[in-house]
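User: I'd like a close look at one part of this protein, taken slowly, since I'm new to this. Please pick a spot and build up a picture from there.

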Amino acid sequence: KPLPSIPHNKLTWFLGDIPLLTRMLKERGANTYAFEETAIRHGPVSQVVVGPGAGWASRWLGFGQAIVVLSDSQEIQDVLVNRAHEFDRSKSISFLFSGTIPEGMVVLPTNDKLKHHKRYLQMTMTAPYLARMTPGLVELMQELVDLWTVAAKRLPGSPDVAIDAMDDIRLASIDVIAAIAFGGSFKSVKTSLDFLEATPAAGPSARPEVPKLASDLQDLLDVITEGIMFPAPSLLPFLTRNFNKKWRRAIDSIHGNMRTRLNATRTEYAEAAKDGGKALSEADNVLDMILEREREDMGKGVQALTESEILDELTLFALGGSETTATTMQWAVKFLAKHPAVQHKLHAELLDNLPSLAVSAPSYAELSNETNLPYLTAVVYEVLRCARAAPAVARDAKVDTVILGHPIPKGTQVLMPVGMIQQVESDAFRGRTDEAARSATSKRGGRRWGHWEEGDVLKFNPERWLRADGSFDVNAGPWLAFGYGFRACFGQKLALLELRAFLAMVQFNFFFAALPEEINTWKSVETVTNHPVQCFIRPILWENMQKGSWASTVRG
Ligand code: HEM
């Protein structure tokens, strides 16, 4: 049954909005568009009813819910930051992950255990620790640049043939997060590079078999993705752990690898301790950082993480940190290929302000300097805004409460379509006259987002994040890509670093030539994140750009 007083679509008897959800999935690749359509139609607070029935059993199984859609960015910020005692991570998200990482942060409700995990791991996202991770991250991005340099030379003149970059980027992202989480890249991109170099007859998109650990991690992600459409979410963890053979093989392999590394590092520390102790503050990956912290805390009565907690958090880093950044990087190369002027401007900024890229690996301080690299920062923000990698954030009401004047009963799921809001909020609510829209707008103080023009928000336009003097303006528009508050993305600083390194390094080296529409469509499909369906590239080394037609130069 719909919640009283909250606007909704015309409901199909028994199934509620299920036909709309199904149609959106079929037509636009994701059922989250049903929430977005509903919000655009009905205003800042609306609801989507997922039938059938409303009995306790069907609700316990995840059927028969009215999901409230909150689509006002200021109100979302308020709910996530100031009203965290009323709203917590939604069970619908926890069910998806709890079979695989029952003690991982993303699954835990906001309780003492979660706070302990966050406190324990928060040093990994501080500047000194990110600085230590940077050389390894940059080295792996360089492997991707090297792979594309070799592949580009094999492209024929016809612009219809391009490199399929989807898996290259996905695997680069997996390699990076494996190196950062547990200290060893899976070497997927290196394996592809070695293969291309050793096989001169291979085409530009030919790649060898994916290394086992990388495909195991992908299997875990696939199992989680399959769970999204499962009709009884609360049964998912039990069914996954007890009956899913693919999942069992993959988790045993990933945990086995982590345990080996964990034990090896512990033995190394124990050996070093006999000779007076290994110097602290050397760790360049999360696993070592946790063990370093454990040693530092020894004897101080500080509670460490248990082995199963460590395994779950490292697995969460690998899962949460690979798919999201890969998707964003895939969209990034598509946007660049479509916008040559952006590429020229970004390349010019890198030549002027980060010329060391030509001779040495950039440091954390150089890469993260927003003042020195305002356009790079603007491109990163604009890619995140337009990519909608994480299209929605969800919370459950812990108490009976009220949002923008609407009563919300305890247990109701509140879905916030953050991807959409970053793109269309200013347009969707302009000119609306109903009470809810008026109150949302007045709460915002009638604010228009920066200098964003009506009808312009759907365009990819990094300039929207710049002030007149060219400096970066974080407040230019709604910024929700990582959520807000205590449960916001734990890895956002790492994600931003990775995206900056990726964009700086690939754009410093390559110009991405325009592609025919057939191989650069804007269709997307939603798994855990919102993926492009296609991701092709035709990279040209900048030094070859001067020499005339790119078709002859990529071959040379
Ligand atoms: C472009 C890349 C990324 C995007 C767009 C993204 C987005 C998000 C979003 C929207 C949330 C949910 C926030 C909420 O519910 O309020 C989240 C949570 C989370 N993310 Fe990310 N993320 C990215 C990269 C990463 C990386 C690299 C890591 C690696 C550590 C990571 C780890 C996490 C964790 C652990 C949580 C759960 C935090 C909690 O439950 O308190 N994410 N992310």
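Analyst: Let's start with a single pair: Val 68 stands opposite Val 414 in strand β8. Before going further, keep in mind that this is a predicted model, in which local features need pLDDT of at least 70 and side-chain atom pairs count only at pLDDT 80 or more, while totals for chains, interfaces and linings use all residues. Residues are numbered from 1 along each chain as its sequence is written.

Names like β8 come from DSSP runs numbered from the N terminus: helices are H or I runs of at least four residues, and strands are E runs of at least two. Strands count as paired if DSSP finds at least two bridges between them.

Now look at both sides of β8. Strand β2 (residues 65-70) is joined to β8 by two bridges, and these strands run parallel. Strand β5 (residues 393-397) pairs with β8 (residues 413-416) over four bridges, in the antiparallel sense. In that second pairing, Val 414 in β8 has Arg 395 opposite it, and Ala 394 has Leu 415 as its bridge partner in β8. So what do the residues of β8 do with their side directions? Gln 413 and Leu 415 point one way from the strand, Val 414 and Met 416 point the other way, and all of them are buried. Here "buried" means 20 or more other C-beta atoms within 10 Å of a residue's own C-beta; 12 or fewer would be exposed, and in between is partly exposed, with C-beta atoms placed from the backbone.

Zoom out a little. Strand β8 sits within an open sheet of five strands, ordered β1-β2-β8-β5-β3, and the pairing is mixed. The edges are β1 (45-50) and β3 (87-89), each pairing on one side only. On average, neighbouring strands of the sheet are turned by 35° against each other, direction ignored.

There's a helix on this sheet, too. Helix α5 (residues 91-98) lies across β3, β5 and β8, and runs at about 115° to β5. Angles go from 0 to 180 degrees between N-to-C directions, using axes fitted to C-alpha atoms, for helices over the stretch in contact. Contact between two residues means that their C-beta atoms, placed from the backbone, lie within 7 Å.

That helix shows up again at the border between domains. The chain is divided into domain 1 (1-100 + 391-480) and domain 2 (124-389 + 481-555), with bounds from an automatic or database domain assignment. Their contact takes 35 residues from domain 1 and 39 from domain 2. On the domain 1 side, α4 (73-82), α5 and α18 (418-428) supply at least two residues each. Helix α5 gives the largest share of that side, five residues. The residues there divide into 19 nonpolar, 14 polar and two charged. Nonpolar covers Ala, Val, Leu, Ile, Met, Phe, Trp, Tyr, Cys and Pro; charged covers Asp, Glu, Lys and Arg; the others, Gly among them, are polar.

One last stop is the ligand. The shell around it draws at least three residues from each of domain 1 and domain 2. Helix α14 gives the most to that shell, with seven residues, and the shell divides into 15 nonpolar, seven polar and two charged residues.
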